[in-house]
Amino acid sequence: MSRPDPIAAAHGMRVAGSTHVGSVRTHNEDSMVVDPKRGFYAVFDGMGGANAGDVASQLARDVVSDFIATRVGHPDPRALLDAALNAGCAAVHHAGLQVRERHGMGTTAVACLISDPRHAWVAHVGDSRAYLLRRGRLSQLTRDHTIVEELVIRGLLPPEEVERHPHKNVLSRNLGAQPFCRVDVLPIELEPGDRLLLCSDGLYGYAMPDAMQYILGSGDAPEHVAKDLVELALRGGGGDNVSTIVIELPAQASSTQVVRTTGAQAWWAKRQRFVAVCRERGLTRNPICRGLEPTEALELIASSVCQAIYHDLEKSTGVNVWTFAQNVAGGWFAQGGEWDAIRALFDVLGGSATAVVEEIRGGDPQLGFLLDVAVSRALVVAELALGGLLAEQLRAIDAEVIALHGKIASDPVIPLETSELEALEPARATPDPDTEQPSVRTPTPVPRTSGKFIEAQTLPFMRPERAVTNPGVSNELLDAIGHAIVLATARVSPRARLVHAVLSAVETVAADRAGNFASAVLAARELYGVRVVDDAGIMPLFDALDQARVAVAAAVQQLDATDATRAKVLAAVSAAHQRIVGATTGLVLEAIAPISERLREAQAQTAALRDQVAQAERRRADLERRFATNVDPSLPWGQRGNTNW
Ligand code: CA
């Protein structure tokens, strides 16, 4: 039976233990101490016939833990542990002398005393072990007190022969064989995020070291890790009692602090190098820098972004990089600049930042690792800012197309080419029943619209004042929106529950007469729910948003309504959809902040951040593609592409 102890907190540490009789034995002769209040943890593995093993390990456990409990704050942890284990040894030895069947009983002991989050002492006798997991690597802290291990230490037995040696389990030391025992005590300098493992040989005898490292490094909570390690031994045969204690040091505050102070300074110290790398990578040749002296361009762009990253590192925010990206890209678009140039510029900046972090990593791997996470976050922020700008431009193009669509539809004196009609309303392009050929109409040029999308403001989700549907909008329009959503819902598989949820959110936001941004934020929060920022959480949501977009666009075409109404419905649902996407993006941004606070799970989180970068990249590519295939107002109507909004 697994008997996990509850999570315990001391110095912000998390601790859990688990023990199991195994698959073969009838008695559990292991005993444990999990005493977070005193920072004391121990595993005892008893031996001896006729249940003497249980007695030995339990007696040692009680004596040793009482010994520690009555001497809290002892100035010399090494001496304390030595004395405590010897007290246990004496007690077991004398108890063994009292009862004939228990004569010669004994127990191993591995104990850990943690006085503060920086210091631990590990004491052991016998072959129960202590391990340390640091930055994903597992190392064994104790050397077994077995005959064969002593032979190896003396150079009398090659290490590779230990496993095959007939006496590999014979202990050279234990608590109980003699009234006194020699105790090994090892001081450990702890680091934030370290995990310590105490275990009996029932674990490592039936589990591969790689598997133990994998489970201990999984980032799961200690109570799960302790149980999973026991499971691992059971799956490996479970031929012995197995006990595990997992102690996790807090990492959060100190790691964040490292990035905030040392990380920011290390980054700042490299600013000249960053500017030089940007130059090497062709920043000054970017069209955005045209007309500027190279030094001026580097100052305006490379130095500014370097400074923005520095300030964001210092304050653990993304505000400066966000503002920088928005200013540079917004200014460029305002001049009628092209997307490619912006893309290339941010590729140079991102690539240069990564190169500089790599250089820092070369000198200080830990700092480099933390900075990598922090700088990746800055790059994601920049991508999201660009994505917001691009989305807004797309929205403006769509608005223009929709207005044009409405104008064409409401102005019957402008005949259209058949192909144009088909493009606009496939449901209505009726072929001639006799010839099965489309009817022919006279082509006429379509008037150009005024106003440019670049005049639109940026970031839809930053501006709550623009309504999706106007206040006092007609019931007829609301009905049509509702009908479009019903049609769209019918197009989506009933099992795609997230898409259904998005569609219902789109309807809510589109039909919101107040038309402010709050309803989109609420809807996004509901959709986001308890999802975590990872592949399994965010990607399906963005996929669902995309699928809903396609379904609604198709459904609007199906609507049995006037063109003008359909144009209005399309405008309302597309604006609603974009707001939800915008608000969702905002939530992802919010979610990034706590991520940087949880650097303790840095490995997993780096993966999550990389996924976000990849996702932002995918979104960006998707937007870019649509941007490219969307309407070019300088072309005749039929060649302008679709209103894919
Ligand atoms: Ca054992």
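This report walks through a predicted model of a protein chain with a calcium ion, from its overall make-up to a few individual residues.

## Ground rules

Because this is a predicted model, local features need pLDDT of at least 70 and side-chain atom pairs count only at pLDDT 80 or more, while totals for chains, interfaces and linings use all residues. Residues are numbered from 1 along each chain as its sequence is written, and side-chain values use heavy atoms, with hydrogens and water left out.

## The chain as a whole

The protein chain has 19 helices and twelve strands. Both kinds of element are DSSP runs numbered from the N terminus (helices: H or I, at least four residues; strands: E, at least two). Of its 645 residues, 51% are buried. Here buried means under 20% relative accessible area, exposed means over 50%, and partly exposed is in between, using a 1.4 Å probe and protein chains only.

Contacts (heavy atoms within 4.5 Å) often span the sequence: among those between residues at least 6 apart, 72% join residues at least 24 apart. The accessible surface comes to about 29,600 Å², and carbon and sulfur atoms account for 53% of that. Accessible areas come from the Shrake-Rupley method with a 1.4 Å probe, and for residues only the protein chains shown count as cover.

## Two nonpolar cores

In soluble globular proteins, nonpolar side chains tend to be buried together. A nonpolar core is taken here as a set of buried Ala, Val, Leu, Ile, Met, Phe, Trp, Tyr and Cys residues joined through side-chain atoms within 4.5 Å. The largest one holds 53 residues, and the members touching the most others are Trp267, Phe274, Leu283, Ile342, Phe346 and Leu349. At least two residues of this core come from each of α7 (252-269), α8 (271-280), α9 (294-315), α10 (319-334), α11 (339-363) and α12 (365-410). The biggest contributor is α12, with 13 residues.

Leu283 makes a handy place to look inside this core. Beyond its neighbours within four places in sequence, Leu283 is in contact with residues including Cys278, Cys289, Ile301, Leu345 and Leu349. A second, separate core has 39 residues, among them Leu498, Ala520, Ala544 and Val552.

## The calcium site

The calcium ion is coordinated by Asp45 (OD), Asp45 (OD), Asp201 (OD) and Asp240 (OD), at 2.3 to 3.1 Å. Donors are N, O and S atoms within 2.8 Å of the metal (3.2 Å for Na, K and Ca); water is not among the atoms, so sites may look incomplete. Along the chain, the donors follow the spacing D-x155-D-x38-D.

Asp45 and Asp240 link distant parts of the chain, being 195 residues apart: Asp45 sits in strand β4 (residues 40-47), and Asp240 in the loop between α6 (222-235) and β12 (242-248). Asp45 is buried, at 8% relative accessible area, and Asp240 is buried too, at 9%.

## Strand β11 and its partners

Five of the five residues of β11 are buried, so this strand is largely enclosed by the rest of the structure. In a regular strand the side chains alternate between the two faces of the sheet. In β11, Arg195, Leu197 and Cys199 point one way, and Leu196 and Leu198 the other.

Strands count as paired if DSSP finds at least two bridges between them. β11 runs antiparallel to β8 (residues 129-134), joined by five bridges, with Arg129 partnering Cys199. β11 also pairs with β12 in the antiparallel sense over five bridges, where Leu198 is partnered by Ile245.

## Polar details in and around β11

Arg195, in β11, is buried with a relative accessible area of 4%. Its side chain makes a polar contact with the side chain of Glu248 at 2.6 Å, and reaches the backbone oxygen of Leu216 at 2.7 Å. A polar contact is a pair of N or O atoms within 3.5 Å; within protein, one must be able to donate a hydrogen and the other to accept it, and residues adjacent in sequence count only if both atoms are side-chain atoms.

Asp194 is found in the loop between β10 (184-189) and β11 (195-199), and counts as buried at 1% relative accessibility. A polar atom of the Asp194 side chain lies 2.7 Å from the backbone nitrogen of Glu191. Leaving aside neighbours within four places in sequence, Asp194 is in contact with residues including Leu132, Arg134, Glu189 and Glu248.
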